[in-house]
Number of protein chains: 4
Amino acid sequence: MNSLGRIFRISIWGESHGYGVGALIDGCPAGLELSAEELQRDLDRRRSGAPGTTPRREPDRPRILSGLFNGRTTGAPILLAITNQDVDSKDYEAKRWTPRPGHADFVAEKKYGGHHDYRGSGHFSGRLTAGLVMAGAVARKLIRPVMVSARLDEVGGFPQIEEAVQDAVDRGDSIGGIVRCHAINLPAGLGEPFFDSVESLISHAVFSIPAIKGVEFGSGFRLARMKGSEANDIIVGADGTTATNHAGGVNGGITNGNELVFRAVVKPTSSIPQEQQTVDLRTGERTVLRVEGRHDACIALRMPVVVEAVTAVVLADLMRIAGVIPPVLTG
Amino acid sequence: MNSLGRIFRISIWGESHGYGVGALIDGCPAGLELSAEELQRDLDRRRSGAPGTTPRREPDRPRILSGLFNGRTTGAPILLAITNQDVDSKDYEAKRWTPRPGHADFVAEKKYGGHHDYRGSGHFSGRLTAGLVMAGAVARKLIRPVMVSARLDEVGGFPQIEEAVQDAVDRGDSIGGIVRCHAINLPAGLGEPFFDSVESLISHAVFSIPAIKGVEFGSGFRLARMKGSEANDIIVGADGTTATNHAGGVNGGITNGNELVFRAVVKPTSSIPQEQQTVDLRTGERTVLRVEGRHDACIALRMPVVVEAVTAVVLADLMRIAGVIPPVLTG
Amino acid sequence: MNSLGRIFRISIWGESHGYGVGALIDGCPAGLELSAEELQRDLDRRRSGAPGTTPRREPDRPRILSGLFNGRTTGAPILLAITNQDVDSKDYEAKRWTPRPGHADFVAEKKYGGHHDYRGSGHFSGRLTAGLVMAGAVARKLIRPVMVSARLDEVGGFPQIEEAVQDAVDRGDSIGGIVRCHAINLPAGLGEPFFDSVESLISHAVFSIPAIKGVEFGSGFRLARMKGSEANDIIVGADGTTATNHAGGVNGGITNGNELVFRAVVKPTSSIPQEQQTVDLRTGERTVLRVEGRHDACIALRMPVVVEAVTAVVLADLMRIAGVIPPVLTG
Amino acid sequence: MNSLGRIFRISIWGESHGYGVGALIDGCPAGLELSAEELQRDLDRRRSGAPGTTPRREPDRPRILSGLFNGRTTGAPILLAITNQDVDSKDYEAKRWTPRPGHADFVAEKKYGGHHDYRGSGHFSGRLTAGLVMAGAVARKLIRPVMVSARLDEVGGFPQIEEAVQDAVDRGDSIGGIVRCHAINLPAGLGEPFFDSVESLISHAVFSIPAIKGVEFGSGFRLARMKGSEANDIIVGADGTTATNHAGGVNGGITNGNELVFRAVVKPTSSIPQEQQTVDLRTGERTVLRVEGRHDACIALRMPVVVEAVTAVVLADLMRIAGVIPPVLTG
């Protein structure tokens with residue numbers, strides 16, 4: 001449903017064209033220094049502006065509406081919010097009955113019986129990830145000295161990212177990419193078998209991000225073509241240090257103290273300027289649509305900070321469960 | 001932790017060399033016809049025997065110890081069990097301090113402070129998947145007419161599976177593979193955004209299976225290299241039927257009524273007959289070990305039914321939540 | 001933690017003297033007609049104003065910040081908020097180290113390491129129940145035709161409520177009471193054994209309301225003195241109708257189709273104008289304190305609507321789980 | 001549903017006349033010394049034998065089927081089981097359509113569409129509490145030095161328990177009682193507002209025990225008749241020690257370090273030898289029934305250890321969440 005985590009738990013709320021978007025955090029320890037400015041930094045990394053990102057310009061000023069007192073968390077729930085400013089809803093009503101290929105339009109109509117907020121994709125909008133980023137900024141502070149960082153590995157198969165994006169823009173098309181995420185300074189022992197393996201929890205969170213269609217840890221799909229003698233990471237230290245890291249820092253669903261590494265694939269944005277075929281849901285007839293509005297040609301460009309955010313949230317929860325992070329922070 | 005699901009929920013218990021292994025199912029509707037024989041069929045598909053699988057031979061006779069009356073489920077929890085028979089624990093104590101590369105030995109020692117049952121990998125054993133298979137057999141009946149089927153796509157990169165496995169056996173090595181899973185007859189509308197997308201829940205479950213290191217839906221990682229104009233599945237019917245299925249049957253985290261398709265990569269078995277380097281945890285010195293015992297050269301061979309099982313479990317839960325499966329079955 | 005429910009699930013946020021208070025609802029079906037005005041009605045029943053209630057005057061204007069579109073719920077999370085207006089925080093800093101007897105001051109200091117928001121009791125304030133009332137107003141609409149109503153049975157042992165309250169006010173004291181709650185038109189079969197009996201879930205919710213110290217169903221504590229031949233409710237109809245209702249409408253943890261009846265005791269408000277003994281936490285010395293600020297002499301007066309609210313929330317969840325309320329409302 | 005707890009979590013399984021009954025424990029720390037003999041002690045306290053208890057005689061030999069190795073818990077799930085021996089199912093089929101007043105017969109038929117195991121009340125049987133007691137015995141060891149103890153306060157309103165019970169037996173009737181439970185050596189700070197107050201969690205667990213109809217903390221329902229000046233527990237030590245304990249050791253839903261005290265009312269057993277009126281569900285006609293089989297005249301006699309058990313389970317979970325009990329026990 002709409003919450004993630006067992007002890008450090010986040011819920012997401014909001015719509016693209018409604019009042020705003022945000023997150024509610026439960027289970028954050030008391031005593032964590034926190035300010036809206038710190039959330040701003042991560043939000044700024046998520047914002048549009050570069051070529052290939054949407055022309056919608058949102059100031060994205062975060063507010064902390066509860067759970068903070070004298071500059072520190074209190075242990076009570078933390079409500080995070082940003083309001084929507086640059087909203088243009090005029091295109092959506094007209095397009096409502098011709099679902100965009102590759103988009104959530106059709107399933108939203110089906111699942112919610114026509115009651116969903118279809119303006120700007122409503123609760124399905126990529127804008128919801130701003131709530132993830134805010135929650136992630138809190139989690140990121142909490143899990144120190146663990147550091148999570150993600151970057152784009154490739155776009156459209158090319159490491160020359162700007163050129164690949166520009167090419168897609170020029171063609172009136174969109175393009176996918178791959179995000180690589182690392183976490184260092186992790187203690188060995190995180191992960192709760194049988195079902196709450198580190199891979200299970202991270203993939204659960206990452207797959208909740210719109211447009212993610214695959215997640216692999218360590219050498220991932222390349223492991224299918226490897227022998228055990230190649231894939232096994234030789235242990236070279238009594239602290240579990242391995243010579244290679246095909247496992248991506250996870251054995252048996254549990255962190256082994258090496259770097260956590262995973263990759264996630266971002267599909268090309270489904271909203272493209274080109275004319276596309278679809279069906280009119282009222283008549284069942286095939287028709288064509290042209291998606292107007294403002295969209296990212298390469299949503300992958302804005303993804304690394306979102307992937308970092310959900311990873312930090314999952315690690316915060318696992319570190320709370322394992323007792324690595326106490327219920328109250330001191331000093 | 002050790003349970004999965006919100007309404008139709010399973011828990012796993014057992015160890016490789018203890019009393020046995022099994023599952024406890026909560027939230028199964030009353031009135032489902034069920035017999036131990038039906039569990040047997042799926043268990044048989046998981047059993048060893050083919051070249052490349054372990055010489056350990058377990059009869060795997062399933063028992064239904066609660067929740068069944070007059071051949072039907074009662075609505076009460078269903079306890080499923082098989083006992084261990086062909087147990088040989090003599091090798092393990094000696095090897096305890098030299099963790100096998102690629103295995104859970106090191107993390108289990110760390111996480112459980114030396115208290116874990118290290119015989120045959122204890123609770124980390126692939127044998128635990130027998131519990132998944134039994135629970136999956138129940139779920140599979142429940143979700144009809146939805147049908148879940150999985151098969152091996154490749155082993156070591158080759159579709160000639162027997163040859164590839166035999167080659168690994170001959171080299172005293174192991175080999176990975178890729179499982180492809182399909183579900184048909186799914187209703188549109190399953191999946192509970194924001195965090196409980198179909199992809200989130202299925203990947204959560206699939207990554208809990210030992211040896212899985214990657215999961216991708218539809219065209220998965222290939223989407224990174226596609227344009228939106230290629231990746232978007234054109235809608236050709238008012239029921240949501242699409243001309244292609246790059247999305248794997250899921251948009252916005254919700255089933256769209258097309259076939260659900262995903263692939264999971266199985267790493268090569270970490271236990272191989274070859275000599276491997278590791279560290280003696282008592283001294284910190286590097287040493288070599290030779291893994292004895294009985295192991296699969298290609299655990300991927302036994303995986304399809306396990307992947308089907310967890311997929312059926314997740315779908316059963318989603319269909320319960322969506323009200324597609326009622327709390328009591330009639331007729 | 002800070003959420004309640006499995007499918008229809010609410011979370012509470014806010015502080016007495018912060019930005020505001022509210023609730024986040026997850027799992028509300030799409031298609032429910034809803035307006036802020038409807039929340040207002042229940043909030044007004046909770047407001048102060050009568051003799052024996054606090055002189056703090058809050059307008060309590062509810063806002064629905066997400067999950068609503070065209071006057072109906074969308075199926076997305078519903079964020080409910082009211083802002084705080086009539087805040088006077090000056091007394092609290094001085095009193096911080098002398099915990100009020102009967103209050104949460106001491107435990108909050110201990111549990112949150114001094115980081116809690118102590119102004120007006122922060123997250124422990126009775127004001128948080130405004131969030132419950134708003135969520136309850138939504139649940140109440142959802143569960144129709146089930147009707148939940150509560151009233152004060154007694155205050156200080158007397159059915160003459162106004163006189164009893166006035167007497168307490170005159171003495172500079174406070175006074176407790178008993179709330180009786182009924183729900184009618186309930187279907188038989190709600191409740192999820194073993195652990196989620198109707199009594200378990202309702203008592204869980206009701207005991208989360210500040211000041212509640214006891215909950216009993218049907219004839220409750222009087223059953224200790226009854227014989228089985230008296231206590232057993234004779235069944236007089238094939239629909240389960242009983243001649244008496246000592247069970248309060250619940251057998252085996254499951255609704256039996258008769259009226260659900262329970263009572264909850266509200267302790268006297270712990271904040272009283274009289275001088276009271278306590279300890280200075282800095283020195284360990286005993287001292288006296290006089291609680292200033294604005295408090296209810298009989299918080300029980302404002303409780304019925306709060307008890308109704310959490311009851312409706314629990315019933316909404318149970319009716320969702322049982323499939324009585326579908327995921328999408330039509331018509 | 002069928003599980004209780006967030007980190008230390010138990011599930012219950014079994015039927016009165018099936019294979020057996022038991023519990024599955026998840027989240028128990030590794031390293032706890034445990035043996036079946038220790039479970040036996042608590043089970044023996046629950047067994048029948050005294051006047052007023054059922055003539056059904058079960059040896060109740062507990063087995064620990066997983067999660068134990070070398071006499072200590074491993075951190076893996078712990079499956080606890082006892083088999084049923086003294087089963088006599090002949091009476092039940094005949095009585096199936098004439099639900100016993102005060103019993104779960106009617107609701108079970110309704111809720112499970114006639115598929116429930118009606119022999120000996122199936123999953124609704126008081127025998128299921130043997131699973132609670134076994135899980136409680138584990139929790140009890142885990143929470144040391146916290147000690148939980150319960151006793152019968154009264155039976156039928158009389159502290160002369162044996163006489164009161166004998167009187168009920170002589171009349172062919174049954175009788176209720178009140179159990180008082182204490183926990184000492186509790187740290188201050190347990191309980192997780194807003195919804196997981198200590199009172200919420202304990203009442204949730206206690207109300208899941210068959211026949212419990214009311215729960216009150218500290219002075220409970222007597223608080224309705226007290227003034228604040230009487231009910232407030234004066235704080236006399238900087239450690240939170242109070243002069244009185246009307247709050248039962250809980251303020252604001254959080255333990256305050258004083259003794260935890262609550263009382264629970266046990267209704268008279270609904271199965272009594274006297275002839276009672278009911279309805280034939282097949283015809284809708286009123287009829288009379290005489291409950292045969294073997295039943296307790298005063299089930300309250302066997303309740304104290306059950307109430308202790310669920311209390312210990314709840315406290316174990318809260319102490320895990322608060323970090324008071326670590327994930328691995330040492331020494």
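Let me start with one small detail: in strand E2 of chain B, the bridge partner of Ser3(B) is Ser11(B). Keep in mind, everyone, that this is a predicted model.

That serine pair belongs to a short piece of pairing, where E1(B) meets strand E2 (residues 9–14) of chain B in the antiparallel sense over 2 bridges. Zoom out a little and you find an open sheet of 5 strands in chain B, in the order E1-E2-E3-E7-E4, with antiparallel pairing. Which strands sit at the edges? They are strand E1 (3–4) and strand E4 (63–64) of chain B, and each of them pairs on one side only.

Now, on to how chain B meets chain A. Chain B can be laid on chain A by a turn of 180° and a shift of 0.0 Å along the axis, and the RMSD comes out at 0.0 Å. The copies meet through the same surface, because 100% of the interface residues of chain B are also interface residues in chain A.

How many residues take part in this contact? Chain B gives 101 residues and chain A gives 101 residues. As a general point for those of you who think in surface areas, the size of an interface is often given as the accessible area lost when the parts come together. For chain B and chain A the buried area is about 7,800 Å², and carbon and sulfur atoms give 64% of it. Three residues deserve a mention here: Met1(B), Phe194(B) and Phe195(B) supply 12% of the area that chain B buries against chain A, more than any other three residues.

What about charges and polar groups? There are 6 salt bridges across the interface of chain B and chain A. One of them joins the side chains of Lys111(A) and Glu192(B), at 2.9 Å from N to O. The polar contacts between chain B and chain A come to 48 residue pairs, with both residues at pLDDT 80 or more. Strand E10 (residues 212–217) of chain B brings 6 residues to the side that touches chain A, the largest share. Sorted by class, that side of chain B holds 45 nonpolar, 36 polar and 20 charged residues.

Strand E10 also takes us across the chain boundary. Strand E10 (residues 212–217) of chain A pairs with E10(B) in the antiparallel sense, over 3 bridges. If you want a spot to click on, Glu216(A) stands opposite Gly214(B).

Let's turn to chains C and D. A turn of 180° with a shift of 0.0 Å along the axis lays chain C on chain D, with an RMSD of 0.0 Å. The two copies are thus related as by a two-fold rotation axis. Here 100% of the interface residues of chain C are also interface residues in chain D, so these copies meet through the same surface.

The contact involves 101 residues of chain C and 101 residues of chain D. Met1(C), Phe194(C) and Phe195(C) supply 12% of the area that chain C buries against chain D, more than any other three residues. Between chain C and chain D the count is 6 salt bridges, including one where the side chains of Glu199(C) and Lys213(D) meet at 2.9 Å, N to O.

And where does strand E10 come in? E10(C) is joined by 3 bridges to strand E10 (residues 212–217) of chain D, and the two run antiparallel. There, Glu216(C) stands opposite Gly214(D). Thanks, everyone!

Conventions: Residues numbered from 1 in each chain as written. Chains lettered and ligands numbered in written order. Predicted model: local features only at pLDDT ≥ 70, side-chain atom pairs only at ≥ 80, totals over all residues. Heavy atoms only, no water. Least-squares fit on C-alpha atoms with pLDDT ≥ 70 in both. Contact = heavy atoms within 4.5 Å. Buried area = accessible area lost by both parts, 1.4 Å probe. Salt bridge = Lys/Arg side-chain N within 4 Å of Asp/Glu carboxyl O. Pairing = 2+ DSSP bridges. Helix = DSSP H or I, 4+ residues; strand = E, 2+ residues; numbered from the N terminus. Polar contact = N/O pair within 3.5 Å; in protein donor to acceptor, adjacent residues only side chain to side chain. Nonpolar A, V, L, I, M, F, W, Y, C, P; charged D, E, K, R; others polar.
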